[in-house]
Amino acid sequence: MRRWTWGILLLALGVPVTAAWAVKKDEKLYVKARNTRVLKSAVPTADVVAVLQPGQQVTWKGADPKNAQWHQVTEPGGKAGYVFQTNLSTKPPDMELVSKDGKTRTIDPAAFVSSGAAVKALSPGAEKYGKEKGGDYAVAVNQLKKLEGLAKAVTPVEIDAHVKQAGLFPVVAPNTKLGPQPQAKKGGR
């Protein structure tokens, strides 16, 4: 796999990008990534305390003194644990959708992410628009569809191997259980 493809894929997967926050201890933060794991300790292979969805609030207790990419939080059920920084936000996620009739409706973030719509790069409407518009729009739609296919084909084991090879901070353990995963093809992609 080419380096630029890995770069795009890692950005799409939310590999750490440091952000400065002005948050005080015991203030609320919002979960911004689906299936955010609250872990017992500040390591990606720690036991899971809870799994949270976008829009849920946690109480911030501070960054881990040994590794500032991990933040100690208390989840809504009162259990303490650690969450990776990129999964948290000072602002709630946008909870509105505009429907075909032009009316804005609020949505349930848990229902939205479980629908699969939150993980697609293009909605069916955006895909149709791009194809009808033609030219560079159609080219962009095709590129995004290929990127979606590539992202679906990459396994946690492959991500872990790349992270180790590139010397990046591990965010996915090779034994992460995400359901049936296809075996990696010999010789790379």
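**Salt bridges, strand pairing and nonpolar cores**

Because glutamate 127 and lysine 131 lie four residues apart in helix H3 (residues 124-133), about one helical turn separates the two. In this structure, which is a predicted model, the side chains of glutamate 127 and lysine 131 meet in a salt bridge, with a distance of 3.2 Å from N to O. Side chains of opposite charge can pair when their charged atoms come close. Glutamate 127 counts as buried, since its relative accessibility of 16% falls under 20%, whereas lysine 131 is partly exposed, with a relative accessible area of 48%.

Glutamate 127 also forms a salt bridge with lysine 145, and here the closest N and O atoms are 3.4 Å apart. This pair links distant parts of the chain, given that glutamate 127 belongs to helix H3 and lysine 145 to helix H4 (residues 135-153), with their positions 18 residues apart in sequence. Lysine 145 is partly exposed, at a relative accessible area of 33%. Through salt bridges that share partners, Glu127, Lys131 and Lys145 are joined into one network.

A search of the whole structure finds four salt bridges. One of them connects aspartate 26 with lysine 61, whose closest N and O atoms are 2.4 Å apart. Aspartate 26 is located in the loop between helix H1 (3-12) and strand E1 (28-31), while lysine 61 is part of strand E4 (residues 57-63), so this salt bridge ties together parts that are 35 residues apart in sequence. Both ends of the bridge are partly exposed, with a relative accessible area of 44% for aspartate 26 and of 32% for lysine 61.

Strand E1 takes part in two pairings. Strands E1 and E4 run antiparallel and are joined by three bridges, and within this arrangement lysine 28 has threonine 59 of E4 as its bridge partner. Strands E1 and E7 likewise pair in the antiparallel sense, over two bridges, and valine 31 stands opposite leucine 88 in E7. In a regular strand the side chains alternate between the two faces of the sheet. Asparagine 87 is placed in the loop between E6 and strand E7 (88-89), and at 18% relative accessibility it counts as buried. When residues up to four places away in sequence are not counted, asparagine 87 touches Tyr30, Val31, Lys32, Ala33 and Thr36.

The interior was examined next. The largest nonpolar core has 12 residues in all, among them Val23, Leu29, Val31, Trp60, Val73 and Leu88. Two or more residues of this core are given by each of E1, strand E3 (48-52) and E4, and the largest share, three residues, comes from E3. Valine 23 touches Leu29, Trp60 and Thr90, again without counting residues up to four places away in sequence. Apart from the largest core lies another core, of six residues, which includes Ala42, Trp70, Tyr82 and Phe84.

A pair of aromatic rings is described by the distance of the centres and the angle of the planes. A search of the whole structure finds two aromatic pairs. In one of them, tryptophan 70 and phenylalanine 84 are arranged edge-to-face, with 5.1 Å from centre to centre and 75° between the planes. Tryptophan 70 lies in strand E5 (residues 70-74) and phenylalanine 84 in strand E6, so the pair ties together parts that are 14 residues apart in sequence. Tryptophan 70 and phenylalanine 84 are both buried. Tyrosine 129 and tyrosine 137 have ring centres 6.2 Å apart and ring planes at 85°, so this pair is edge-to-face as well. Tyrosine 129 counts as partly exposed at 47% relative accessibility, and tyrosine 137 counts as partly exposed at 44%.

Glycine 81 is found in strand E6 (residues 80-84). Since its relative accessible area is 1%, which is under 20%, glycine 81 is buried. Leaving aside its neighbours within four places in sequence, glycine 81 is in contact with Val38, Leu39, His71, Gln72 and Val73; of these, Val38 and Val73 belong to the largest nonpolar core. Although glycine 81 and lysine 40 are 41 residues apart in sequence, their C-alpha atoms are 4.9 Å apart in space.

How values were computed: Residues are numbered from 1 along each chain as its sequence is written. This is a predicted model: local features need pLDDT of at least 70, side-chain atom pairs count only at pLDDT 80 or more; totals for chains, interfaces and linings use all residues. Side-chain values use heavy atoms; hydrogens and water are left out. Buried means under 20% relative accessible area, exposed over 50%, partly exposed in between (1.4 Å probe, protein chains only). Contact means heavy atoms within 4.5 Å. Two strands pair if DSSP finds at least two bridges between them. A nonpolar core is a set of buried Ala, Val, Leu, Ile, Met, Phe, Trp, Tyr and Cys residues joined through side-chain atoms within 4.5 Å. Rings of Phe, Tyr and Trp (its six-membered ring) pair if their centres lie within 6.5 Å; planes under 30 degrees apart count as stacked, over 60 as edge-to-face and the rest as tilted.
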